[in-house]
Amino acid sequence: MIRAARLGIMGGTFDPIHFGHLVAAEEALVQFNLDRVIFMPTGMPAAKAHAAVTSAEHRYLMTVIATAANPDFDVSRMEVDRPGVTYTVDTLEALRDAHGPAAELFFITGTDAVWEIVSWKDADKVADLATFIAATRPGYDLDAARAANESATTRFAIEFIEVPALAISSTDLRARVAERRPIRYLTPEPVVSYIEKHRLYRESI
Ligand code: NAP
């Protein structure tokens with residue numbers, strides 16, 4: 001495994017991955033001077049225990065084909081292959097072991113997920129292991145988010161980035177496919193083809 005000094009970990013369910021995710025990862029890479037970004041599709045997402053989620057293998061493969069052309073992006077199977085519910089603390093500990101104590105870990109994900117972070121498994125350990133980069137959609141009150149974060153009695157280091165392309169959402173893509181509306185130009189063309197080939201999202205959201 002390549003040792004990186006500043007490592008971005010793009011955590012998400014990616015059901016499916018779309019251009020908003022790709023732009024957010026690129027934005028984090030540049031703004032935080034990261035060496036690379038590892039996309040980390042969840043296996044069995046902790047926050048979605050009772051929700052229908054597309055198989056981890058499909059989500060992983062769509063993430064691979066969406067990121068294949070970018071030399072700064074990798075995709076990890078770590079969470080897909082780990083049995084049981086996916087907890088970020090396990091992932092961050094494994095990455096810390098693999099990359100050594102000198103590496104700085106930056107966990108990038110959606111702001112709505114980050115606000116729940118205090119309830120994540122072993123939240124204290126999570127706080128010690130990484131800086132969090134919360135990607136926000138248009139219309140998000142960033143000043144309020146930063147103020148709330150600063151005033152909260154939290155040990156978490158959270159940075160916020162504004163990503164206009166996050167007007168695109170996986171929920172909307174799934175709804176579009178179910179309603180036979182187009183998703184072209186919302187996610188890379190090979191992902192559109194993959195979704196068609198495997199007839200994903202056709203039944204419902
Ligand atoms: P989610 O609830 O599906 O997503 C919440 C919001 O954030 C959605 O609007 C989503 O938009 C957006 N989002 C998700 N991932 C994103 C990303 N990488 N970049 C930009 N926006 C993103 O979140 P989730 O997928 O379940 O969880 C997100 C991450 O937090 C995962 O890595 C998960 O493992 C971790 N997490 C850990 C715990 C725990 O350890 N206990 C608990 C909850 C979450 P889209 O639907 O368009 O992506």
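This is a short talk on a predicted model of a protein with a ligand, starting at the ligand and ending with the backbone.

Let me begin with where the ligand is. It sits in the largest pocket. There are 25 residues around the ligand, and those that come nearest are T13, H21, K48, R137 and S170.

What kinds of residues make up that shell? Ten are nonpolar, eleven are polar and four are charged.

Next, which helices and strands do they come from? Strand β1, residues 6–12, strand β6, residues 104–110, and helix α5, residues 111–114, each supply at least two residues of the shell. Of the elements, β6 gives the most, with four residues.

Now the polar contacts with the ligand. I will go through three, each of which ends on an oxygen atom of the ligand. With H21, a polar side-chain atom lies 2.7 Å from a ligand oxygen. With S170, the contact comes from the backbone: an N or O atom there is 2.8 Å from an oxygen of the ligand. With H18, we are back to a side chain, where an N or O atom is 2.9 Å from a ligand oxygen. As for how covered the ligand is, on its own it has 870 Å² of accessible area, and the protein covers 88% of that.

Let me move to salt bridges. How many does a search of the whole structure find? The count is nine. One of them is between R6 and E104, with the closest N and O atoms 3.2 Å apart. This pair links distant parts of the chain, since R6 is in strand β1 and E104 is in strand β6, 98 residues apart. Those two strands came up earlier, as each supplies at least two residues of the shell around the ligand.

Last, two points about the backbone. The peptide bond joining D15 and P16 is cis, with omega at about 0 degrees. On the chain, P16 is in the loop between β1 and α1, the helix that covers residues 19–31.

The second point is D122. Its phi is near 50 degrees, which is a positive value in a residue other than glycine. You will find D122 in the loop between α5 and α6, where α6 is residues 123–129.

That is the end of the talk.

Note on methods. Residues numbered from 1 in each chain as written. Predicted model: local features only at pLDDT ≥ 70, side-chain atom pairs only at ≥ 80, totals over all residues. Heavy atoms only, no water. Near = heavy atom within 4 Å. Polar contact = N/O pair within 3.5 Å; in protein donor to acceptor, adjacent residues only side chain to side chain. Areas by Shrake-Rupley, 256 points an atom, 1.4 Å probe, with all protein chains shown as cover. 1 Å grid on protein atoms, 1.4 Å probe; cavity = no way out; pocket = protein on both sides within 12 Å on 5 of 7 lines; lining within 4 Å. Sits in = over half its atoms within 2 Å of the grid points. Nonpolar A, V, L, I, M, F, W, Y, C, P; charged D, E, K, R; others polar. Salt bridge = Lys/Arg side-chain N within 4 Å of Asp/Glu carboxyl O.
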